[in-house]
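Open the model in your viewer and keep the sequence panel beside it. We will go stop by stop: select, look, move on.

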Amino acid sequence: MSKLPAYKIVYNKLKSDIDNDVYPIGSFLPTESELEKIFSVSRTTIRHAIDLLVKDRKIQVRQGAGTQVVKITESELPFFSKFHNVIDIRTEIPSAKTIKSRGVWIDRIPAPSTVASALQIKENEPVFRLQRIICADEQPVEILTNYVRTDFFPDLDNYNDQIVDLYYFIQKHYGIKFETGEERINITQVDFLDSQILNLSPGSPIFFNTRIAMCSLGPLEYLEAKIRPDLCQFIVSMSKPPKWYDSPDYL
């Protein structure tokens with residue numbers, strides 16, 4: 001019996017397959033679900049192995065596309081990021097005295113392709129859509145739309161106007177905890193309808209953030225947030241230099 005931990009066995013096999021062109025440069029590894037079946041291990045084990053391959057600069061995880069085999073040259077950075085070892089990110093509205101959610105509306109809709117991909121379900125499968133407006137001193141500053149799997153929380157639409165913090169709510173009512181997530185911060189232009197809610201001119205720049213949140217059952221939520229950049233700011237707290245600085249082959 002091997003004394004290596006399961007994640008190391010998975011890592012060694014995938015690394016060997018990449019080095020031997022079983023997965024050539026530019027190709028994609030099987031999905032996490034497929035790798036779980038191939039190696040008969042948990043998703044946590046697969047993710048640990050994937051993390052090691054990312055640190056080895058063998059692969060890159062491309063949101064919405066998959067895990068791609070790459071070759072990073074010596075002149076390339078393994079990551080382009082101003083944020084390292086992030087321990088906290090928070091949104092602040094410096095001028096606000098009060099911040100409130102203007103209710104929440106929950107309905108069921110067929111999952112669009114982007115939502116279906118994020119939640120790992122089939123396109124047009126039903127999902128819950130939670131819509132909220134966040135106000136600072138009665139001024140709308142953020143439009144939040146959460147998409148949640150109906151099979152995890154089948155009666156969630158019974159709680160219209162009762163949800164303030166989604167993760168706290170599902171932990172309290174369903175006993176399911178948020179575990180990990182990834183949020184992307186982007187800039188886009190506000191369309192006409194959203195401009196009327198946020199009191200902006202159509203075409204004005206806004207933050208457009210997306211998030212995929214995971215629980216023990218799998219992906220529980222896909223979030224889209226439209227935020228006024230003139231009123232909100234993101235505060236990122238970091239700790240220590242990035243881990244890859246200690247890698248002997250870094251650059």
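Start with the whole protein chain, a predicted model. Buried residues make up 37% of its 251 residues. Here, buried means under 20% relative accessible area. Colour by secondary structure next: the chain comes to 6 helices and 11 strands. Turn the C-alpha trace around. Along its principal axes the trace spans about 60 × 40 × 30 Å. Now consider contacts with a separation of 6 or more. Residues 24 or more positions apart account for 61% of these contacts in the protein chain.

**Stop 1: α1 and α3**

Select residues 6–19, which form helix α1. Add residues 43–55, which form helix α3. How is a pair like this described? Two packed helices are described by the angle between their axes and the distance between the axes. For α1 and α3, the angle is about 50° and the axes are 8 Å apart. The two helices are therefore oblique to each other. Their crossing is right-handed.

Show the side chains at the contact. From α1, pick A6, Y7, V10, Y11, L14 and K15. From α3, pick T45, I46, H48, A49, I50, L52 and L53. Which classes of residue make up this contact? There are 10 nonpolar, 2 polar and 1 charged residues.

Stay on helix α1 and click N12, which is found there. N12 counts as partly exposed, because its relative accessibility is 33% and partly exposed runs between 20% and 50%. Draw a line from N12 to L52, C-alpha to C-alpha. The two are 40 residues apart in sequence and 9.8 Å apart in space.

**Stop 2: α2 and α3**

Keep α3 on screen and add helix α2, residues 32–39. What is the angle between α2 and α3? It is about 105°, with the axes 9 Å apart. Angles of 65 to 115 degrees count as roughly perpendicular, so α2 and α3 are roughly perpendicular to each other.

Show the contact again. α2 brings E32, S33, L35, E36 and F39. α3 brings R43, I46, R47 and I50. By class, this contact has 4 nonpolar, 1 polar and 4 charged residues.

**Stop 3: two positive phi angles**

Most residues other than glycine have a negative phi. Now look at R57. Its phi is near 60°, a positive value in a residue other than glycine. R57 lies in the loop between α3 and β1, the strand at 59–62. Is R57 buried or exposed? At 13% relative accessibility, R57 counts as buried.

Jump to N199. N199 is not a glycine, yet it has a positive phi of about 60°. Find it in the loop between α6 (192–198) and β9 (205–215). N199 is partly exposed, with a relative accessible area of 48%.

**Stop 4: R228**

From N199, move to R228. Leaving aside neighbours within four places in sequence, R228 is in contact with Q139, P140, V141, L198, N199 and L200. Where does R228 lie? It lies in the loop between β10 (218–227) and β11 (233–238). R228 is buried, with a relative accessible area of 9%. Show its side chain together with that of D230. The two side chains make a polar contact at 2.5 Å.

**Stop 5: S237**

Follow the chain into strand β11 and select S237, which lies in that strand. At 23% relative accessibility, S237 counts as partly exposed. Which residues does S237 contact, beyond its neighbours within four places in sequence? They are N85, V86, I87, D88 and R90. Now draw a line to G26. S237 and G26 are 211 residues apart along the chain, and their C-alpha atoms are separated by 34 Å.

**Stop 6: V104**

Finish at V104. It lies in the loop between β4 (99–101) and β5 (105–110). V104 counts as buried, at 4% relative accessibility. Set aside its neighbours within four places in sequence and show its contacts. V104 is in contact with L130, Q131, R132, Y159, N160, D161, Q162 and I163. Last, draw a line from V104 to T145, C-alpha to C-alpha. They are 41 residues apart in sequence and 9.6 Å apart in space.

Notes:
Residues are numbered from 1 along each chain as its sequence is written. This is a predicted model: local features need pLDDT of at least 70, side-chain atom pairs count only at pLDDT 80 or more; totals for chains, interfaces and linings use all residues. Side-chain values use heavy atoms; hydrogens and water are left out. Axes are lines fitted to C-alpha atoms, for helices over the stretch in contact, and angles run from 0 to 180 degrees between N-to-C directions. Helices (H or I, at least four residues) and strands (E, at least two) are DSSP runs, numbered from the N terminus. Angles under 35 degrees count as roughly parallel, over 145 as roughly antiparallel, 65 to 115 as roughly perpendicular and the rest as oblique. A crossing is left-handed if the near helix is turned anticlockwise from the far one by less than a right angle, and right-handed if clockwise. Contact means heavy atoms within 4.5 Å. Ala, Val, Leu, Ile, Met, Phe, Trp, Tyr, Cys and Pro count as nonpolar, Asp, Glu, Lys and Arg as charged, and the others, Gly among them, as polar. Buried means under 20% relative accessible area, exposed over 50%, partly exposed in between (1.4 Å probe, protein chains only). A polar contact is a pair of N or O atoms within 3.5 Å; within protein, one must be able to donate a hydrogen and the other to accept it, and residues adjacent in sequence count only if both atoms are side-chain atoms.
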